[in-house]
Amino acid sequence: MITTDILIIGAGPTGLFAVFEAGLLKLKCHIIDALAQPGGQLTELYPKKPIYDIPGFPDVLAGDLIDNLMKQIEPFQPGFTLGERAQTIEKQEDGSFIVTTNKGTQHHTKIVAIAGGLGSFEPRKPAIENLDKYEDNGLVYMIKNPEDYRDKKVVIAGGGDSALDWTIYLADVASEVTLVHRREEFRGALDSVEKVQELVEQDKIRLITPAEVKAINGESRVESVEIQHNDKAKRMEVIECDAFIPLFGLAPKLGPIADWGLEIEKNAIKVDNTLDYQTNIPGIYAIGDVNTYPGKLKLILCGFHEATLMCQSAYQRIFPDKRYVMKYTTVGGVSGFDGSHKVAEKAVVKKIGQKA
Amino acid sequence: MAVDVTITVIDRGGEKHELLAPTDMNMNVMEICKSYELPVQATCGGMAMCATCQCYIISDHDLGERNDDEEAMLWEASFVKDNSRLGCQIPITEELDGLVIELAPEE
């Protein structure tokens, strides 16, 4: 079991900066995130977009901001559980918590700080009936092991990078690949678009555009899909297949956190005050875009502030009897858990003698 | 002096809301809906990345072509029709006076 002082849920900018503020107070942090890499929506959705309202940075690319934050928190050696979603929480008798992920990884922590942003990113599902019946029975939204499709007939739907990339990859693995897309235009890296064009010309894959998968057929698993051509005739076509893989991108969902007994308002976690951003459950805080309170603004810079106040409150909660005052990093420097110590160079006091 | 325009939004229950929208605040249709607390989630904050502000253009205003980001998002969204647009990609201008839109169902 992983043990830590503060368990942060969400590796976006707010969650990452909380590690720094906690580190100044000698509190150790561990972060869970459903995505495979830290950065949250900044790295997942818009790494190349400039942000203009980070104090002190006239402009900074979202991806660079995350790189900088990772560098800033490095001395505090945060642990990461990536690619897993926080699923359940159990309060222990001593007031601590055990948080378990969807893959069963357990985390024992004194404090939980939810910095979940918009929620965890889940695949966007097509509007087709009986989806749940076929999920994991030939219908998947994410390809984990491409070898599962060796010598199988696969239908992929979508028009973005992942649809293109997997079409290219599976063209050599599966016995048959059909790519279905609503439009004739695809949007992705030029290389990928050209490669798919080549595969179509070589008859290595079948391209059906503009068209949409309207239904899935099969007794207990996917046996075929019904495709509607978006031409004048609206012709229907049935394609036999072993797997149907819609790749429509990711959409954020609050997810299992919504069932933790926290007060929720308009898809956000209500914090009762702007003193420390604690939720209705003592010991659980919500910071950044995931929380709401009167006057709330969903800005990265507000998330940084909220993370800072949360850490002060967490410290008081863990050490109710210890006295502590906030120390400036210009005064105290930064002492990492890795033994590193950054501090301003001291001025010297030294006599300057008269000319000899 | 910039004028306000009137935009009619039909919500998912069929109710009509007449909204007064400023043309000089760099706002878009999604933001106007939010400022009147209509049920538009706008999860991505206006980057054409979530389609929670998808709406159907009911009046015959010419809003121009969808931009590339918007187009790509609408490929992947549900309930898309020929008159679908993303509210966050429609800036409020004087030409929009009298615009009527309907909120698309939630995914």
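Trainee: Which residue in S14(A) is the bridge partner of Ile216(A)?

Mentor: Ile216(A) pairs with Val225(A) in S14(A). Before going on, note that this is a predicted model: local features need pLDDT of at least 70, side-chain atom pairs count only at pLDDT 80 or more, and totals for chains, interfaces and linings use all residues. Residues are numbered from 1 along each chain as its sequence is written, and chains are lettered from A and ligands numbered from 1 in the order in which they are written.

Trainee: How many bridges join S13(A) to S14(A)?

Mentor: Start with the general idea. Strands of a sheet pair through backbone hydrogen bonds, either parallel or antiparallel. Here, six bridges join S13(A) to strand S14 (residues 224–229) of chain A, and the two run antiparallel. Two strands pair if DSSP finds at least two bridges between them. Helices (H or I, at least four residues) and strands (E, at least two) are DSSP runs, numbered from the N terminus.

Trainee: In what order do the three strands form the open sheet in chain A?

Mentor: The order is S13-S14-S15, with antiparallel pairing. The edge strands are S13 (211–217) and S15 (236–240) of chain A, and each pairs on one side only. From one strand to the next, the twist averages 30°.

Trainee: Now chain B. Which residues stand opposite each other between S3(B) and S5(B)?

Mentor: Cys55(B) stands opposite Leu103(B) in S5(B). S3(B) and strand S5 (residues 100–103) of chain B are antiparallel and share three bridges. S3 (residues 54–57) of chain B also pairs with S4 (residues 84–86) of chain B, again antiparallel and over three bridges. There, Tyr56(B) has Ser84(B) as its bridge partner.

Trainee: On to helices. At what angle do H1(A) and H7(A) pack?

Mentor: Two packed helices are described by the angle between their axes and the distance between the axes. Helix H1 (residues 13–24) and helix H7 (residues 300–318) of chain A pack at about 35°, with axes 8 Å apart. Axes are lines fitted to C-alpha atoms, for helices over the stretch in contact, and angles run from 0 to 180 degrees between N-to-C directions. H1(A) passes H7(A) in a right-handed crossing. A crossing is right-handed if the near helix is turned clockwise from the far one by less than a right angle, left-handed if anticlockwise.

Trainee: Which residues of H1(A) meet H7(A)?

Mentor: Pro13(A), Thr14(A), Phe17(A), Ala18(A), Glu21(A) and Ala22(A) do, and their counterparts in H7(A) include Ile300(A), Phe304(A) and Cys311(A). The contact residues divide into nine nonpolar, three polar and two charged. A contact means C-beta atoms, placed from the backbone, within 7 Å. Ala, Val, Leu, Ile, Met, Phe, Trp, Tyr, Cys and Pro count as nonpolar, Asp, Glu, Lys and Arg as charged, and the others, Gly among them, as polar.

Trainee: Are H1(A) and H3(A) roughly parallel or roughly antiparallel?

Mentor: The axes of H1(A) and helix H3 (residues 62–73) of chain A come within 9 Å and cross at roughly 20°. H1(A) and H3(A) are therefore roughly parallel (angles under 35 degrees; over 145 is roughly antiparallel, 65 to 115 roughly perpendicular, the rest oblique). The crossing of H1(A) and H3(A) is left-handed. Among the residues in contact are Leu16(A) and Phe20(A) of H1(A), with Leu65(A) and Leu69(A) of H3(A). This contact has ten nonpolar, two polar and no charged residues.

Trainee: What about backbone oddities? Where does Lys266(A) have its place?

Mentor: Most residues other than glycine have a negative phi, and most peptide bonds are trans. Lys266(A) has a positive phi of about 50° and is not a glycine. Its place is the loop between S18 (264–265) and S19 (268–270) of chain A. Ala48(B), also not a glycine, has a positive phi of about 60°, and lies in the loop between H1 and S3 of chain B. The peptide bond from Thr209(A) to Pro210(A) is cis, with omega near -15°. Pro210(A) sits in the loop between S12 (206–208) and S13 of chain A.

Trainee: Is Ala48(B) buried or exposed?

Mentor: Ala48(B) counts as buried, because it has 20 C-beta neighbours inside 10 Å (20 or more is buried, 12 or fewer exposed, in between partly exposed; C-beta atoms are placed from the backbone). Lys266(A) is exposed, with 9 other C-beta atoms within 10 Å. Met27(B) is partly exposed, with 16.

Methods:
Two residues are in contact if their C-beta atoms, placed from the backbone, lie within 7 Å.
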